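Biologist: I am new to this structure and should be grateful for a close look at a single part of it. Please begin with one residue and its contacts, and then show how that part fits into the whole.

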Amino acid sequence: GRLEADLHSLKGSALNLGFSEFSGLCSAGESLAAKEGAASVDIAAILASFEMSKQVFLAGLEQGLAA
């Protein structure tokens, strides 16, 4: 389904950026969506991990620009 495909895309993008926890949650959600349907996926946990990953990434950018 659509959620499964979206999580698959996010998983690969997250890996490219080094967001391993976020990627893992996307992978688990992708599998769960395929087996049990989209309603079984913990979207809130995936979004929380994305926000945390984004904050870490942006902080790293700021440090790099300040150096």
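**Ser49 and its surroundings**

Modeller: Setting aside residues up to four places away in sequence, Ser49 touches Glu21, Phe22 and Leu25. The model is a predicted one, and every value that follows should be read in that light. Ser49 itself is located in helix α3. Is Ser49 buried or exposed? Its relative accessibility is 4%, and because buried means under 20% relative accessible area, Ser49 counts as buried.

The partners of Ser49 lead to the packing of two helices. Glu21, Phe22 and Leu25, which Ser49 touches, are among the residues of α2 that make the contact with α3. Cys26 also belongs to the α2 side of this contact. On the α3 side stand Ala45, Ile46, Ser49, Phe50 and Ser53. Sorted by class, the contact of α2 with α3 comprises six nonpolar, two polar and one charged residues.

How are the two helices placed with respect to each other? The axes of α2 and α3 are 9 Å apart, and the helices pack at an angle of about 160 degrees. That angle makes α2 roughly antiparallel to α3, because angles over 145 degrees count as roughly antiparallel. The crossing of α2 and α3 is left-handed.

Two further residues of α3 help to complete the view of this part. Ser53 lies in helix α3, which covers residues 43-66. Ser53 is buried, with a relative accessible area of 11%. Apart from residues up to four places away in sequence, Ser53 touches Phe19 and Phe22. Phe22 is thus touched by Ser49 and by Ser53. Ala48 also has its place in helix α3. Ala48 is partly exposed, with a relative accessible area of 46%. The C-alpha atoms of Ala48 and Phe22 are separated by 8.9 Å, although the two residues are 26 residues apart along the chain. For Ser49 and Leu32, which are 17 residues apart in sequence, the C-alpha to C-alpha distance is 17 Å.

Leu32 returns in the surroundings of Val41, a residue in the loop between α2 and α3. Val41 is buried, with a relative accessible area of 9%. Which residues does Val41 touch, when those up to four places away in sequence are not counted? They are Leu3, Leu7, Gly29, Leu32, Ala33 and Ile46. Ile46 is also one of the α3 residues in the contact with α2. Val41 and Leu3 are 38 residues apart in sequence, and their C-alpha atoms are 9.1 Å apart in space.

Leu7, Gly29 and Ala33, which Val41 touches, also take part in the contact between the other pair of helices, α1 and α2. Helix α1 (residues 2-17) and helix α2 (residues 20-36) have axes that come within 8 Å and cross at roughly 160 degrees. The two helices are therefore roughly antiparallel to each other. The crossing in which α1 passes α2 is left-handed. On the α1 side, the contact is made by Glu4, Leu7, His8, Leu10, Lys11, Ala14 and Leu15. On the α2 side, it is made by Phe22, Ser23, Cys26, Ser27, Gly29, Glu30, Ala33 and Ala34. By class, the contact of α1 with α2 has eight nonpolar, four polar and three charged residues. Phe22 and Cys26 appear in the contact of α2 with α1 and also in that of α2 with α3.

The part described above may now be set within the whole chain. The protein chain has three helices and zero strands, and its elements run α-α-α from the N terminus on. Its C-alpha atoms fill a box of roughly 45 × 20 × 15 Å along the principal axes. Of the 67 residues in the protein chain, 21% are buried; Ser49, Ser53 and Val41 are among the buried residues. The accessible surface of the chain comes to about 4500 Å², and 61% of it belongs to carbon and sulfur atoms. Among contacts between residues at least 6 apart in sequence, 46% join residues at least 24 apart.

How values were computed: Residues numbered from 1 in each chain as written. Predicted model: local features only at pLDDT ≥ 70, side-chain atom pairs only at ≥ 80, totals over all residues. Heavy atoms only, no water. Axes fitted to C-alpha atoms, helices over the stretch in contact; angles between N-to-C directions. Helix = DSSP H or I, 4+ residues; strand = E, 2+ residues; numbered from the N terminus. Parallel < 35°, antiparallel > 145°, perpendicular 65-115°, else oblique. Left-handed = near helix turned anticlockwise from the far one by under 90°. Contact = heavy atoms within 4.5 Å. Nonpolar A, V, L, I, M, F, W, Y, C, P; charged D, E, K, R; others polar. Buried < 20%, exposed > 50% of the residue type's maximum accessible area, 1.4 Å probe, protein only. Areas by Shrake-Rupley, 256 points an atom, 1.4 Å probe, with all protein chains shown as cover.
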